[in-house]
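Trainee: Please take me through one part of this model up close, then link it to whatever else is worth a look. I'd like the contacts spelled out.

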Amino acid sequence: MDTAKEATAPASEKKDSGSSAAAAGLRGVVAAQSSIGDVNGEQGILIYQGYDIHDLAAHSSFEETVFLLWHGRLPNRQELDELDRAIGENYALPSQAIDMIRAFPRNAEPMDMLRTAVSALDFYDKNGHDLSREGALRTALRLTAQLPVITAAIERIRNGQEPIEAKPELNIATNFLYMLKGEMPSEREARIFDVCLLLHADHELNASTFTARVVAGTLADIYGAVTAAIAALSGPLHGGANTNVMKMLLEIGDISRVEDYVHNALAQKQKIMGIGHAVYKTEDPRATHLRQFSKEVGESKGETKWFEMSQKIEETIKREKGMYPNVDFYSASTYYMMGIPLDLYTPIFAISRISGWTGHILEQYANNKLIRPRAEYVGPRDLKYVPIEQR
Ligand SMILES: CC(C)(COP(=O)(O)OP(=O)(O)OC[C@H]1O[C@@H](n2cnc3c(N)ncnc32)[C@H](O)[C@@H]1OP(=O)(O)O)[C@@H](O)C(=O)NCCC(=O)NCCS
């Protein structure tokens, strides 16, 4: 990342800066060079390291995508087998991490618990401060294997159950569903969840990835960068939207009330969660797959209500505002029909996005420059200090 370039980004790179020198929310500002992923907002195209997301969703797996994001190319069979084995070997959490989760308040937000647990994992990794490529890859592997284990343990422990030990021979998607519920998912459900993880893996300089790069750019370690990224992801304008989509569907309750709900929300200038995107001006390509999964999982469980309501919201908002669903919109009803608690949807996003975060952190370390932009000062100048007694 080149901050000098960022601070002086040419006008052509500042697509909607308006009258201010600083684009609101840095929209359109190019803040890094990266080979990890690219979003074409006009055409609705998402690529990871050159591969179209549709191609990967059809043929690849989450683990293969993890390799792709970290190494810039698809693995051969031996390399993928090696990664699968290494992930399996890294599932086991330090016992202190489980003890810590047991000490968390049971009603705490799972995203807050995940953030705190990840931060504390640093204490138990003697390699954690090794920022060499090999050291950083080891930490990235550890976190990618352990985030799903922590999330499943949070769910079990807060319900007064014992965490279920991971099975090293299972992939991340299957293992997570198994550890969550204590029973093996069907092959199809595990594959759908695997593709959900793949679809959420990277999205260029989204808020949490940018956060991770800013922290890594100070040469803080990966645990610190990922802890900050989890905090950024938790907000309702970012990863937190998926939980809010399901809350909205439950609040609406019936397809007959969708139109009124949307009209009222728009009249009150309220945002419909899971709709709109800072970059896409057309269909989010990830939503194309998630819409299909919502329908399929709903049909397989004999309950298509949530999918149909989602479709109706989509039609209404498209007609009224010309806006489209984003990645969070149909993932909500997909996870709901898989029987996953609402407040785990955003931790699941983190279980996937850890691959993109760590890919970007590796890239940042490899060619580091402290990220330090400037602010456009709009406050007063030349004020004279007045002693407190005279104010
Ligand atoms: C994602 C998001 C933050 C991107 O927004 P943005 O590019 O910053 O656009 P803004 O928030 O400035 O909105 C621009 C206009 O679209 C409207 N808009 C944006 N998202 C909307 C939504 N979800 N529902 C209704 N209106 C929306 C805004 O009200 C605004 O309208 P106005 O010009 O009449 O005031 C925004 O669409 C949003 O908040 N969506 C809901 C949360 C969500 O799903 N987040 C997950 C993103 S992957």
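**The ligand site, and on from there**

Mentor: Start at G274: one of its polar backbone atoms sits 2.8 Å from an oxygen atom of the ligand. I272 also uses its backbone, with a polar atom 2.7 Å from a nitrogen atom of the ligand. R27 comes in with its side chain instead, where an N or O atom is 2.6 Å from a ligand oxygen. Overall, the protein covers 69% of the 860 Å² of accessible area that the ligand has on its own. Keep in mind that this is a predicted model, so every distance here is computed from predicted coordinates. Those three residues are part of a bigger group: 20 residues surround the ligand, and the closest are R27, K271, I272, G274 and I275.

Now go along the chain from R27 to the little sheet. This one is open, with three strands in the order β1-β2-β3 and antiparallel pairing. The edges are β1 (37-40) and β3 (51-52), each of which pairs on one side only. β1 has two faces: G37 and V39 are on the covered one, while D38 and N40 are on the uncovered one. β1 and β2 run antiparallel and are joined by 4 bridges, with G37 standing opposite Y48 in β2. The two strands make a hairpin with 4 residues between them, and G44 in that turn has a positive phi of about 70°. On its other side, β2 (residues 45-48) pairs with β3 in the antiparallel sense over 2 bridges. Y48 turns up again here, as its bridge partner in β3 is Y51. If you want one residue to click on in this sheet, try Y48, which faces G37 and is also bridged to Y51.

Next, look at two helices that meet. T174 lies in α8 (residues 172-181), and A190 lies in α9 (residues 187-199). T174 counts as buried because its relative accessible area is 12%, and the cut-off is under 20%. A190 is buried too, at 7%. Leaving aside neighbours within four places in sequence, T174 is in contact with M184, P185 and A190. With the same exclusion, A190 is in contact with A173, T174, L177 and P185, so P185 appears in both sets because it is in contact with T174 as well as with A190. T174 also has a polar contact of its own, side chain to side chain with N171 at 2.6 Å. To get your bearings, the C-alpha atoms of A190 and V279 are separated by 30 Å, and the two residues are 89 apart along the chain.

Finish on α15 (residues 305-321). This helix has 17 residues and reaches 24 Å from its first C-alpha to its last, close to the 24 Å expected at 1.5 Å a residue. Its buried residues are W306, F307, M309, S310, I313, E314, T316 and I317. An α-helix has 3.6 residues a turn, so residues three or four places apart point the same way. Check that against the spacing of the buried set, which includes W306, M309, I313 and T316. Those buried residues pack against α12 (241-252), α13 (258-267), α14 (285-301) and α16 (327-337). Just after the helix comes G322, whose phi is positive, near 65°.

Definitions and conventions
Residues numbered from 1 in each chain as written. Predicted model: local features only at pLDDT ≥ 70, side-chain atom pairs only at ≥ 80, totals over all residues. Heavy atoms only, no water. Expected span 1.5 Å × (residues − 1). Buried < 20%, exposed > 50% of the residue type's maximum accessible area, 1.4 Å probe, protein only. Contact = heavy atoms within 4.5 Å. Pairing = 2+ DSSP bridges. Near = heavy atom within 4 Å. Polar contact = N/O pair within 3.5 Å; in protein donor to acceptor, adjacent residues only side chain to side chain. Areas by Shrake-Rupley, 256 points an atom, 1.4 Å probe, with all protein chains shown as cover.
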